Amino acid sequence: MNEHEWQEVIGTIGMFTLLIAVVVTVIWQTAAGRRAKAQLARESEYKKLAEAAADRQQRIEQQLTEIGSQVSDLRNRTDTIERVLKDVE
């Protein structure tokens, strides 16, 4: 092989290496973009779940407060009934 043929081989290897580097970089960036989109979608879903859980927790707290007031009302009524029954005895 003469000097000119070696230059062609080296140039071909260089171009092939450059092409591979560009293709790998494009694939890598595309995959990174997809991973980022998937992560954003997951975070959005987690946010929705957290908001729903907080809403449910507030509703449960409200229901427990209502139940507490009903229990207090029942205790007052029971105390009144006990007093009436003691007076009757």
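Three salt bridges are counted in this structure, which is a predicted model. I shall take them in order along the chain.

The first pair I show is K48 and E45, whose side chains meet with a nitrogen-to-oxygen distance of 3.8 Å. Helix α1 covers residues 3-88, and these two residues stand three apart within it, so about one helical turn separates them. E45 is partly exposed, at a relative accessible area of 45%.

Next come D55 and R59, joined by a salt bridge at 3.2 Å, N to O. They are four residues apart in helix α1, and therefore about one helical turn separates them. D55 is partly exposed at 38% relative accessibility, and R59 is likewise partly exposed, with 44%.

The remaining pair is R77 and D73, with the closest N and O atoms 3.4 Å apart. Both belong to helix α1, at a spacing of four residues, or about one turn. Here R77 counts as exposed, at 51% relative accessibility, whereas D73 is partly exposed, at 35%.

Let me turn to the chain as a whole. The protein chain contains one helix and zero strands. Its C-alpha trace spans about 125 × 15 × 5 Å along the principal axes. The radius of gyration is 38 Å, where a compact globule of 89 residues would have a value near 12 Å.

How many of the 89 residues count as buried? The figure is 0%. The exposed area of the protein chain is about 8,500 Å², of which carbon and sulfur atoms supply 61%.

Finally, the charges: the chain carries 12 positive and 14 negative side chains, and the centres of the two sets lie 4 Å apart.

How values were computed:
Residues are numbered from 1 along each chain as its sequence is written. This is a predicted model: local features need pLDDT of at least 70, side-chain atom pairs count only at pLDDT 80 or more; totals for chains, interfaces and linings use all residues. Side-chain values use heavy atoms; hydrogens and water are left out. The radius of gyration is taken over C-alpha atoms; the globule rule is 2.2 Å times the number of residues to the power 0.38. Buried means under 20% relative accessible area, exposed over 50%, partly exposed in between (1.4 Å probe, protein chains only). Accessible areas come from the Shrake-Rupley method with a 1.4 Å probe; for residues, only the protein chains shown count as cover. Lys and Arg count as positive and Asp and Glu as negative; His and the chain ends are not counted. The place of a charge is taken as NZ of Lys, CZ of Arg, CG of Asp or CD of Glu. A salt bridge is a side-chain nitrogen of Lys or Arg within 4 Å of a carboxyl oxygen of Asp or Glu.
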